[in-house]
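Thanks for coming. I will put the structure up and then go through the packing and a few local features.

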Amino acid sequence: MGLWTAVLENGLTLALEERDYPGVAFQLLLPGAGAVQDGPIQGSATLLEAWLWKGAGDLDARAFAQALDRLGVRRQSGVGLEYAAFSAAFLSEALEEVFRLYGELFRRPWLPEAAFEAVRSVALQELASLEDQPARKLFSFLRRQVFLSPHGQEPLGREEDLERATPEAVRREFFRYTPRGAILAVAGGVDWGRLLGAVEPLLAWRGEELPYPEPRLSEPQTFALFRSTAQVQIGLAYRDVGPEDEAFYAARLALEVLSGGMASRLFTEVREKRGLVYAVSAFPAGVKGQGLLMAYAGTTKERYRTTLEVLKQEIARLREGVSEEELPRAKVALRTALVMGDESVRTRAASMARDLYTLGRVRPLSEVEEAVEKTSLEAVNGFLARHPYENPWVGLLGEVEDVSRGEA
């Protein structure tokens with residue numbers, strides 16, 4: 001199994017992890033096409049990504065989809081906060097034709113005006129669906145309060161912006177689909193020489209790298225979205241370290257102790273012992289250049305104040321350190337997740353792409369496993385002593401009072 005990386009002549013970063021496996025998977029990240037660079041029309045990146053599939057090269061939308069289906073390509077695409085992502089998995093025999101088709105998609109999309117209203121309609125429906133997903137609605141709201149920079153934007157956009165978007169304005173946004181700064185990570189049964197030949201159709205793709213905005217945070221406060229519901233959704237956000245920090249593995253092990261399963265502190269203390277919530281968790285939610293830890297709890301409106309205080313107390317209690325019993329359990333859980341994820345070439349291609357985006361290199365699985373195993377109890381507790389999780393941003397959604405009101 002070999003690991004290869006190179007920057008191609010048009011600025012596209014290409015990586016391959018060779019596997020003795022009949023299939024191939026890739027993940028293509030386009031950092032310039034994420035929601036942080038939407039500009040005046042929030043949601044334009046989402047509109048553009050959906051519109052992109054409405055025909056390319058010599059094929060209309062139906063013919064293009066059928067061409068990929070005949071090759072057995074299992075594919076996904078979507079827009080996140082920091083980048084647009086395109087992924088696919090297929091048998092290695094289809095490699096050259098798959099990349100020829102994707103080359104057409106990124107170099108010669110039709111972007112037909114006749115399809116634009118259908119694209120807009122779907123985008124508006126997706127945005128409206130947030131009202132039926134209160135936890136997701138809460139964190140979309142909370143991120144807007146945490147970030148002063150565009151990193152708080154909702155990738156689905158805003159209703160007023162989607163309504164006023166025009167085909168001409170969104171078509172101009174296609175310049176953000178640029179290979180310079182983009183990342184193509186491939187895993188599976190192909191060798192480096194063959195892959196270089198297969199991606200030749202992408203070399204004619206041109207464009208300049210777009211600047212990435214610096215993350216900026218507000219001061220921690222408490223905000224609320226009032227909704228007449230039986231439940232209250234609680235969200236917390238804390239400053240954290242990212243994967244580029246030397247304390248990253250200590251932070252991830254501490255998070256595993258806090259919220260790694262049914263033996264974790266949050267599940268045990270907040271749900272099992274006190275019965276305060278129907279759901280509780282904590283998870284990393286940072287962006288490039290700024291780590292964040294977020295926590296969630298869903299409870300009743302009668303118990304939300306108590307739940308909020310207990311949740312904050314349990315997270316703050318991490319500064320006292322983790323125990324000799326908790327750390328080995330956390331290490332086993334992290335290593336198990338790594339090994340299980342590594343079994344899928346799709347998962348591996350995605351993790352390779354994220355590594356290249358955040359670190360500028362691909363971490364071999366053995367390196368990550370070794371780093372987790374070598375992180376000592378002293379290292380974890382030293383990190384927690386230096387970096388206590390205190391003074392969070394707080395977001396509430398439901399029938400709540402006496403806090404700052406926000407707008408959806």
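**Helix packing, rings and backbone**

I start where helix H9 meets helix H15: Ala 250, Ala 251, Leu 253 and Ala 254 on the H9 side touch Ala 379, Val 380, Phe 383 and Leu 384 on the H15 side. Before I go further, please keep in mind that this is a predicted model.

The axes of H9 and H15 are 9 Å apart, and the packing angle is about 90°. That angle falls between 65 and 115 degrees, so H9 is roughly perpendicular to H15.

Staying with H15, which covers residues 377-386, its buried residues are Leu 377, Val 380, Gly 382, Phe 383 and Leu 384. What covers them? The cover includes strand E10 (231-240), helix H9 (248-259) and helix H12 (326-342).

After H15 the chain runs into a loop that leads to strand E13 (393-398), and Asn 391 is in that loop. Its phi is positive, about 55°, although Asn 391 is not a glycine. As background, most residues other than glycine have a negative phi. Is Asn 391 buried or exposed? Its relative accessibility is 58%, so Asn 391 counts as exposed.

There is another such backbone angle, at Leu 111, where phi is near 50°, again positive in a residue other than glycine. Leu 111 sits in the loop between H3 and H4. Its relative accessible area is 5%, so Leu 111 is buried.

Back to helix pairs. In general, two packed helices are described by the angle between their axes and the distance between the axes. For helix H10 (residues 265-273) and helix H11 (residues 304-316), the axes come within 10 Å and cross at roughly 150°. The angle is over 145 degrees, so H10 is roughly antiparallel to H11. The crossing of H10 and H11 is right-handed. Which residues meet there? From H10 they are Arg 265, Leu 266, Glu 269 and Val 270, and from H11 they are Val 310, Leu 311, Glu 314 and Ile 315.

The next pair is H1 with helix H4, residues 116-128: the axes are 9 Å apart and the angle is about 130°. Here H1 is oblique to H4. The crossing of H1 and H4 is also right-handed. On the H1 side the contact uses Leu 47, Ala 50 and Trp 51, and on the H4 side Phe 116, Val 119, Arg 120 and Ala 123.

How many of the nine residues in H1 are buried? Eight of them are, and helix H1 (residues 44-52) is mostly covered. The buried ones are Ser 44, Ala 45, Thr 46, Leu 47, Leu 48, Glu 49, Trp 51 and Leu 52. Trp 51 and Leu 47 are thus named among the buried residues and in the contact with H4.

Now the aromatic rings. With ring centres required to lie within 6.5 Å of each other, the count is 20 aromatic pairs. Take Phe 106 and Tyr 177: the ring centres are 6.4 Å apart and the planes are at 25°, so this pair is stacked. The two residues are 71 apart along the chain, with Phe 106 in helix H3 (residues 95-107) and Tyr 177 in the loop between helix H7 (167-172) and strand E8 (183-188). Phe 106 has 2% relative accessibility and counts as buried. Tyr 177 is buried too, at a relative accessible area of 3%.

Both rings belong to a cluster linked by ring pairs, and its members are Phe 26, Trp 53, Phe 64, Phe 86, Phe 90, Phe 99, Tyr 102, Phe 106, Phe 174, Tyr 177 and Trp 205.

One of those members, Phe 99, is in helix H3. Phe 99 is buried, with a relative accessible area of 2%. Leaving out residues up to four places away in sequence, Phe 99 touches Phe 26, Leu 184, Val 186, Leu 195, Ala 198, Val 199, Pro 201 and Leu 202. Leu 184 is 85 residues from Phe 99 along the chain, and their C-alpha atoms are separated by 11 Å.

One last ring, that of Tyr 357. What sits over it? The charged end of Lys 288 does, 4.6 Å from the ring centre.

That is the end of my list.

Notes. Residues numbered from 1 in each chain as written. Predicted model: local features only at pLDDT ≥ 70, side-chain atom pairs only at ≥ 80, totals over all residues. Heavy atoms only, no water. Phe/Tyr/Trp six-rings, centres within 6.5 Å; stacked < 30°, edge-to-face > 60°. Helix = DSSP H or I, 4+ residues; strand = E, 2+ residues; numbered from the N terminus. Buried < 20%, exposed > 50% of the residue type's maximum accessible area, 1.4 Å probe, protein only. Lys NZ or Arg CZ within 6 Å of the ring centre and 35° of its normal. Axes fitted to C-alpha atoms, helices over the stretch in contact; angles between N-to-C directions. Parallel < 35°, antiparallel > 145°, perpendicular 65-115°, else oblique. Left-handed = near helix turned anticlockwise from the far one by under 90°. Contact = heavy atoms within 4.5 Å.
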